[in-house]
Amino acid sequence: MNTDLSQQRVNYDTIAHLYDESIRDHAVDENLARFLAARPSFSPVHILDMGCGTGKQLAANRPHFPGALMVGLDLFAGMLRQAQLRCQTVAWVQGDNAAAPFAAGSFHYVTNQFSYPHVQNKRRFFTETVRLLQPDGRFVLTNIDPWSMPGWAIYRYFPAAWALDEQDFLPVERLVAMLEEVGYGRVTFSRRHLAVPTSLADFQAYASARHRTSQFIAMADADYTAGLAAIERERQQCGDTAVIESEVCLLTITAEKL
Ligand SMILES: C[S@@+](CC[C@H](N)C(=O)[O-])C[C@H]1O[C@@H](n2cnc3c(N)ncnc32)[C@H](O)[C@@H]1O
């Protein structure tokens, strides 16, 4: 692998041992079940999760798709070590989403969850997904949609997080256009908005553990410290039980290789 890991905003090797908190659990992939129900000829189905992290999605899928060949790809060996401990019946491979070490047409179904913002050359990454899929294959991308969640508490107290996300995430229209440009025949998307009221004290506890989000890790130390200080000031004014409103928007994009 030739990728220079020092160019990454977040070095996931340093937090791999802290990553597996329950807020990051994955349920079995219902999109995959629907996809396979309509394609009985894809047997055994070949599935790839790009930027698989500690392997939670494929491990959740494993018992539900016993015949599937499953591969998880990730840039950081530390994340893959956790994945290997979690599940031994998935092939965990170290590599870059933008230069995946697999032959063309190796997979029927490719996913990417909470990872594309970390890939600097997104067009190359999406081109890789098309190359890796067989005809009638599907790519499903899941992530937050920063443009649809201006009320996210993290942006309120840590404006540097928005400044970074504005660079690293693409608005959905650009994502869809890029996926069409690299060769997908049909691209659709859906958004799910979640209102997340939380007590200021709970939010302060969450934000005080810097590994909790890549935004905290990526921002400068001074920006992170200033955000924590702003929360503390508000907590002293309003009290521990004050409730803050927050919102998150989850985006799912489905791209079909015709
Ligand atoms: C926020 S984690 C998400 C992990 C997992 N998909 C999940 O949902 O729990 C982002 C992951 O993307 C991986 N990653 C970042 N850049 C990558 C790249 N260029 N190629 C492959 N994986 C990458 C990181 O190592 C990390 O494991």
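For sorting the residues around the ligand, Ala, Val, Leu, Ile, Met, Phe, Trp, Tyr, Cys and Pro count as nonpolar, Asp, Glu, Lys and Arg as charged, and the others, Gly among them, as polar. On that basis, the ligand's shell in this predicted model holds nine nonpolar, seven polar and four charged residues. There are 20 residues around the ligand, and the ones that come nearest are Gly51, Gly53, Asn97, Ser115 and His118.

Now turn to the strands. β2 (residues 69-74) and β3 (residues 91-94) run parallel and are joined by four bridges. If you want a spot to look at, try Gly72, whose bridge partner in β3 is Trp92. Add helix α3 (residues 77-86) to β2 and β3 and you have a right-handed β-α-β unit.

Tyr12 is worth a visit too. You'll find it in the segment before α1 (30-37). Tyr12 counts as buried because 24 other C-beta atoms lie within 10 Å, where 20 or more is the cut-off. Setting aside neighbours within four places in sequence, Tyr12 is in contact with Phe76, Gly78 and Met79. His211 sits 199 residues away from Tyr12 along the chain, yet their C-alpha atoms are separated by 9.4 Å.

That leaves the nonpolar interior. The largest nonpolar core has 38 residues, and Leu48, Phe107 and Val110 touch the most other members. Again leaving out neighbours within four places in sequence, Phe107 is in contact with His46, Ile47, Leu48, Leu132, Leu133 and Gly137. A second core, separate from that one, has eleven residues, among them Trp152, Ala153, Leu200 and Phe203.

How values were computed. Residues are numbered from 1 along each chain as its sequence is written. This is a predicted model: local features need pLDDT of at least 70, side-chain atom pairs count only at pLDDT 80 or more; totals for chains, interfaces and linings use all residues. Helices (H or I, at least four residues) and strands (E, at least two) are DSSP runs, numbered from the N terminus. A residue is buried if 20 or more other C-beta atoms lie within 10 Å of its own, exposed if 12 or fewer, and partly exposed in between; C-beta atoms are placed from the backbone. Two residues are in contact if their C-beta atoms, placed from the backbone, lie within 7 Å. A residue is near a molecule or strand if its C-beta atom, placed from the backbone, lies within 6 Å of it. Two strands pair if DSSP finds at least two bridges between them. A crossover is right-handed if, with the strands pointing away from the viewer, the path from the first strand over the helix to the second runs clockwise. A nonpolar core is a set of buried Ala, Val, Leu, Ile, Met, Phe, Trp, Tyr and Cys residues joined through C-beta atoms within 7 Å.
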